[in-house]
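Welcome! Take a moment to turn the model around on your screen before reading on. The report below starts with an opening in the surface and works outwards from there.

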Amino acid sequence: MKVTSMPKIGVLALQGDFREHLASLQRLGQETLAVRTPEDLAAVDALVIPGGESSVIDRLSRNYSLAEPIKQRIADGMPAYGSCAGMIMLADRIENPAVSSTGAVQQSFGGIDMTVRRNAFGRQVDSFEYQVDFLGKNLEAVFIRAPEAMQVGPDVQVISTVPAEGDGEQGRIVAVRQGNLLATSFHPEVTGSTAIHEFFIQLTRGDA
């Protein structure tokens, strides 16, 4: 899906490290917009969903009347990239959703046919870095309370994995793509590398 020659990329700016994503895109000369309202969303061609607390992003997106418009834009073909919490928000299914004190179960925007597990690699103290292969590029990946794709559908491309514990096991899935939707369980915006943002810009333009 080719959007425009110079699409405007929004970054969901309700919670989390949206400023770092905006800075990464702007370093590449990309036109950006911090998305906080449905009007902001309507003004962009693509959307980045940052890391943070996925349950908080879910709650705030509904409070700010953004959840349903985002779901609809994704269903209509809007390119989107989610990192860490954003990966959870782009998953069709959450294995262990957060449950509020009122009993409300965490929701996602969906779009990628996968089941994710929140905090799959442990707590904040278990954060780590690992060199991952991302479409032939060796990238330093930072994992902070990172999710994992536990199961993916037949139309989902597994891009990156990290080793699983035990011999002979398949790697743990940490980056996926389905059509013009991209998700990583790690945080490229904190490493200084713009390789993944460059790829998302190409994807948004229909060149990837």
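## The second largest pocket

The second largest pocket has a volume of about 160 Å³. Please keep in mind that this is a predicted model. Which residues line this pocket? They are S55, D58, R59, R62, A98, V99, S100, A104, V105 and Q106. Sorted by character, the lining has four nonpolar, three polar and three charged residues.

Two of these lining residues, D58 and R62, are worth finding on your screen, since they meet again in the next section.

## A pair inside helix α3

D58 and R62 form a salt bridge, with their closest N and O atoms 2.8 Å apart. Side chains of opposite charge can pair when their charged atoms come close. Both residues belong to helix α3, four residues apart, which is about one turn of the helix. An α-helix has 3.6 residues a turn, so residues three or four places apart point the same way.

Are the two partners buried or exposed? D58 has a relative accessible area of 3%, so it falls under the 20% cut-off and is buried. R62, at 36% relative accessibility, counts as partly exposed.

## What surrounds helix α3

D58 has company: S54, I57, D58, L60 and S61 are buried in α3. What do the buried residues of this helix pack against? Their partners are β1 (9–12), α4 (67–75) and α5 (85–90). After α3 comes S65, which has a positive phi near 60°.

A good place to look at the neighbouring helix is A67, which is found in α4. A67 is buried, at 4% relative accessibility. Leaving aside neighbours within four places in sequence, A67 is in contact with S61, R62 and F109. R62 is thus a name that returns: it is A67's contact and D58's salt-bridge partner. For a sense of scale, try drawing a line from A67 to G136: their C-alpha atoms are 34 Å apart in space, and the two residues are 69 apart in sequence.

## The largest pocket and R145

The largest pocket has a volume of about 220 Å³. It is lined by 14 residues, and those nearest its centre are G52, E53, C84, I144 and R145. The lining divides into four nonpolar, six polar and four charged residues.

Two of the central residues, E53 and R145, are joined to each other. R145 forms a salt bridge with E53, and the closest N and O atoms are 2.7 Å apart. Where does each partner sit in the chain? R145 is in the loop between β8 (137–143) and β9 (148–152), while E53 is in the loop between β3 (46–49) and α3 (54–63), so this pair links distant parts of the chain, 92 residues apart. Both partners are partly exposed: R145 has a relative accessible area of 29%, and E53 has 28% relative accessibility.

## Two residues with a positive phi

Most residues other than glycine have a negative phi. R145 has a positive phi of about 50° although it is not a glycine. N119 also has a positive phi, near 50°, and is likewise a residue other than glycine. You can find N119 in the loop between β6 (112–117) and β7 (128–134). At 31% relative accessibility, N119 counts as partly exposed.

## A link between two strands

How many salt bridges does a search of the whole structure find? There are seven. One more to look at is the pair E148 and R172, whose side chains meet at 2.7 Å, N to O. E148 lies in strand β9 and R172 in strand β11 (residues 172–178), so the pair ties together parts that are 24 residues apart in sequence. E148 is buried, with a relative accessible area of 7%.

## Stepping back to the whole protein

Now zoom out. The protein has six helices and twelve strands. Its radius of gyration is 16 Å, close to the 17 Å that the globule rule gives for 208 residues, so the protein is as compact as a globular protein of that length. Along the principal axes, the C-alpha atoms fill a box of roughly 50 × 45 × 30 Å.

How much of the protein is buried? Buried residues make up 51% of the 208 residues. Among contacts with a separation of 6 or more, 64% come from residues 24 or more positions apart. The salt bridge between R145 and E53 is a handy example of distant parts of the chain being linked.

Key. Residues numbered from 1 in each chain as written. Predicted model: local features only at pLDDT ≥ 70, side-chain atom pairs only at ≥ 80, totals over all residues. Heavy atoms only, no water. Salt bridge = Lys/Arg side-chain N within 4 Å of Asp/Glu carboxyl O. Buried < 20%, exposed > 50% of the residue type's maximum accessible area, 1.4 Å probe, protein only. 1 Å grid on protein atoms, 1.4 Å probe; cavity = no way out; pocket = protein on both sides within 12 Å on 5 of 7 lines; lining within 4 Å. Points joined across faces, edges and corners; volume = space filled by probe spheres on them. Nonpolar A, V, L, I, M, F, W, Y, C, P; charged D, E, K, R; others polar. Rg over C-alpha atoms; globule rule 2.2 N^0.38 Å. Contact = heavy atoms within 4.5 Å.
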